[in-house]
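Work through the exercises below with the model open. Try each task before you read its solution.

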Amino acid sequence: MKVFVRDIAYRLENLAPLEYAESYDNVGLIVGSFHKEVKKVLITLDLTEEVFYESLKKKCDLIISFHPIIFKSIKNITGKTFSERVIIHALKNDISIYVIHTNLDVVWEGTSSYLSKLLRINREKVLVSKKETIKKLITYVPINYAEKVRNALFEAGAGNISNYSHCSYNFDGYGSYKGNKKTKPFLGKKEIFHIEKETCIGVIFPDYKLDIIKKTLFQNHPYEEIAYEVYNLENINPYIGIGFIGNLIENMNEHDFLFFLKEKMNLIYIRHSNLIEKEIQKVAMIPGSGRFGIEYAVKEKADVFISSDLKYHDFFKYEKKILIVDIGHYESEKFIKNLLKSFLDQNFTSISVFKSEVHTNPVKYFY
Ligand SMILES: [Zn+2]
């Protein structure tokens, strides 16, 4: 079966909706066309010129990069930076470029899922929850149509609360209306006051599904004018957000834990704060730049916080409360290539997916 860029984008965006990306980010299809057929895909953390030449050598049609090749808007493309040169080469060679970044970071089956398995951690929840991800719909339906509308809303993605699906709240009451002469009321007659027994249905849904939920409501509700309300909820989804917190399957002393981390993540070195003389059980982690997460990890009483791009004073701050560990930005994210490869292999059996062999870490170590 032929696979097109749009098929791959659709699957990736089902896993990590574009709407979940941070405002500064630039995700989705960056270069190329959704209608292009794909036979070979190259996955990379960073799209450097070297990685681009690797894609040419491997005859790939699509490059999926974790870090965006374009962050800010550009006014001209003349080849003055490596990103511009890659874009020029990609267009000349008909290679598409797709980015999946902070949207992959915040979903439960995204960036953190691979790392928690690798480090043998039972995840409890995300460390820093994403706000404003839940909306609520209330609508009023004639009682004989309530089941149809409710089921259609479930089908469209409403009514999921963590491990429960088909959640809604329903009660019956009476709705009244009187149409003018231009109306064609589904029940009752125009220009005559009508009172009808209706079911009030309330369901929550992820905010990025607003359009499809409204479309589903309009297609399935029998009334000419549909009464409905949509609210933003303050509620937080514990499975959508940055990083994670959880418990090690087996507790370790600090020295053994650092050794374990170094081995599992194949690290050259680890920067860490003073040891806190405590067993490590509760682990908080944010792959990539995560210094904003330290306070959340302390609040959650984690024994260790692992991230990257931490500053000198971060290591002083929570003396004896938590072990602070910096494993490097590239090092904390390099396994994302494995995550994306196994996701694409599972979803597309007729294409070849390669992980870039280029070591794109711009930070070099002299030791
Ligand atoms: Zn990063």
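**Exercise 1. Place glycine 175 and describe its surroundings.**

Step 1. Glycine 175 sits in strand 8, residues 169-177. Strands (E, at least two residues) and helices (H or I, at least four) are DSSP runs, numbered from the N terminus.

Step 2. The model is predicted: local features need pLDDT of at least 70, side-chain atom pairs count only at pLDDT 80 or more, and totals for chains, interfaces and linings use all residues. Residues are numbered from 1 along each chain as its sequence is written, and side-chain values use heavy atoms, without hydrogens and water.

Step 3. Is glycine 175 buried or exposed? Its relative accessible area is 11%, so it is buried (under 20%; exposed is over 50%, partly exposed in between; 1.4 Å probe, protein chains only).

Step 4. List the contacts (heavy atoms within 4.5 Å). Beyond neighbours within four places in sequence, glycine 175 touches His194, Ile195, Glu196 and Glu198.

Step 5. Lysine 197 is 22 residues away from glycine 175 in sequence, with a C-alpha to C-alpha separation of 6.4 Å.

**Exercise 2. Locate the largest nonpolar core relative to the domains.**

Step 1. A nonpolar core is a set of buried Ala, Val, Leu, Ile, Met, Phe, Trp, Tyr and Cys residues joined through side-chain atoms within 4.5 Å. The largest has 46 residues. Ile8, Val41 and Phe305 are among those with the most contacts inside it.

Step 2. Domain 1 (5-105 + 335-355) and domain 2 (114-129 + 242-332) both contribute residues, so this core lies between them. The domain bounds come from an automatic or database assignment.
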